[in-house]
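Colleague: I am new to this one, and I would like some help reading it. Could you take me through it feature by feature?

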Amino acid sequence: MSRVTLTQHLIEQQRAGRINPDLRLLIEVVARAVKAISVNVSKGALAGLLGEAGTDNIQGEAQKKLDVIANDILLQANEWGGHLAAMASEEVEEVHQIPFDYPKGGYLLLFDPLDGSSNIDVNISVGTIFSVLRNVGQPGDPSEASFMQSGTEQAAAGYALYGPSTMFILTVGHGVHGFTLDREMGSFVYTHPFMTIPQDTSEYAINSSNARYWEPPVQRYVAELQAGKSGPRGRDFNMRWVASMVADVHRILTRGGVFMYPLDEKCRAVGGKLRLMYEANPMAMIVEQAGGAASTGRERIMTIQPQKLHQRVPVILGSANEVEIACSYHRES
Ligand code: P6P
């Protein structure tokens, strides 16, 4: 096993002109914060960190203690470096400005500090998702408008998965690369170069308890998968649903699959379940960089022009040929 670490990989990316020193620092700081989050997540009950914080986030969802801890770790880790103009978090309604006594940089960092946290108390994998944009706004404190850039403008995207091992998955626009945390050394080791998603798959992920709320094209698509060998697809399919997007996406990045959180009658009023800026867009960049596809069913996720920082969108992503079939049914309907 090569012992190339994340730091060496980033130095090599910088030497090749693919990233600049500020983006390298940003990624290293996020990776260091992710290690601190991993330590807290793995302590769980031992440190009294399970359960609810007693507060709600801006989505009106009850926050877990670890949601708040992960959010604080990421904010504090990134404030001092001079690489960021501002930050945005699922857990914070407003744009988080860099404190006045620190220098500002040219990047905007967005994150879901602990995605899937409803799984924390039952010890199922959770993750951190992050997206990096360039600050193209006017001088001074960035506003929400500075963040309203489509997913194609992302300079980098990635996630951490706190599973049996802690992994850090990263793209800066030149393929997807995976790193595994060596807890003894305290460093991320480069274990998964150029991760790719097979074009075809026999595995799908969707919360089937919402079936009666789905739109007709999704009902048709999933019914055909469930019909298996005797149905129009002529082969059997398998289903997985972790209810932790990072875990489901990582499985797809590793062995293929299609993940769906489509528009349904329950979430239609708010535009979808998952958030565009710090869930759908970073995952879409990763999936596309790995040869997959990411759509709302009606349009490519990465070309959506955002209107609000916390806006939600439908998501169908993964193996390109399956995403295309699902989208074709939307076009026909
Ligand atoms: P449901 C976690 O809360 C999350 O945002 C994603 O990580 C996950 O895919 C989805 O929601 C699960 O939603 O409705 O199945 O609980």
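**Pockets, domains and cores**

Modeller: Gladly, and let us begin with a pocket: by class, the lining of the second largest pocket is made up of eight nonpolar, seven polar and two charged residues. Keep in mind that this is a predicted model.

Colleague: How much space lies in the second largest pocket, and which residues are closest to its centre?

Modeller: The second largest pocket holds about 270 Å³ of space. It is lined by 17 residues, and Val41, Ser42, Asn123, Ile124 and Tyr162 are the closest to its centre. Helix H2 (residues 21-43) gives the largest share of that lining, three residues.

Colleague: What is the volume of the largest pocket, and what lines it?

Modeller: Its volume is about 470 Å³. The lining has 26 residues, with Gly116, Ser117, Ser118, Ala243 and Lys273 nearest the centre. Several elements give two or more residues each, among them strand E2 (62-64), helix H6 (245-255) and strand E13 (258-261). The largest share, three residues, belongs to E5.

Colleague: How do the residues of that lining divide by class?

Modeller: In the largest pocket there are twelve charged, eight nonpolar and six polar residues.

Colleague: Where in the chain do the lining residues of the largest pocket come from, in terms of domains?

Modeller: At least three come from each of domain 1 (6-192) and domain 2 (203-332). Those are the two domains into which the chain is divided. Their centres, taken over C-alpha atoms, are separated by 24 Å. On the domain 1 side 47 residues take part in the contact, and on the domain 2 side 31 residues do.

Colleague: Now the interior, please. What is the general idea behind a nonpolar core?

Modeller: In soluble globular proteins, nonpolar side chains tend to be buried together. Here the largest nonpolar core has 46 residues, and those with the most contacts inside it include Phe147, Tyr159, Leu253 and Met283. Helix H7 (residues 276-289) is the element that gives the most to this core, nine residues.

Colleague: Why does this core lie between domain 1 and domain 2?

Modeller: Because both domain 1 (6-192) and domain 2 (203-332) give residues to it. There is also a second, separate core of 43 residues, which includes Leu26, Ile37, Val132 and Val172.

Colleague: Which residues is Leu253 in contact with?

Modeller: Setting aside neighbours within four places in sequence, Leu253 is in contact with Tyr159, Ile169, Val176, Met195, Thr196, Ile197, Ile286 and Ala290.

Definitions and conventions
Residues are numbered from 1 along each chain as its sequence is written. This is a predicted model: local features need pLDDT of at least 70, side-chain atom pairs count only at pLDDT 80 or more; totals for chains, interfaces and linings use all residues. Side-chain values use heavy atoms; hydrogens and water are left out. A nonpolar core is a set of buried Ala, Val, Leu, Ile, Met, Phe, Trp, Tyr and Cys residues joined through side-chain atoms within 4.5 Å. Buried means under 20% relative accessible area, exposed over 50%, partly exposed in between (1.4 Å probe, protein chains only). Helices (H or I, at least four residues) and strands (E, at least two) are DSSP runs, numbered from the N terminus. Domain bounds come from an automatic or database domain assignment. Contact means heavy atoms within 4.5 Å. On a 1 Å grid over the protein atoms alone, a cavity is a set of points where a 1.4 Å probe fits but cannot get out, and a pocket is an open set with protein on both sides within 12 Å along at least five of seven lines; lining residues have an atom within 4 Å of a point. Grid points are joined across faces, edges and corners, and a volume is the space filled by probe spheres set on the points. Ala, Val, Leu, Ile, Met, Phe, Trp, Tyr, Cys and Pro count as nonpolar, Asp, Glu, Lys and Arg as charged, and the others, Gly among them, as polar.
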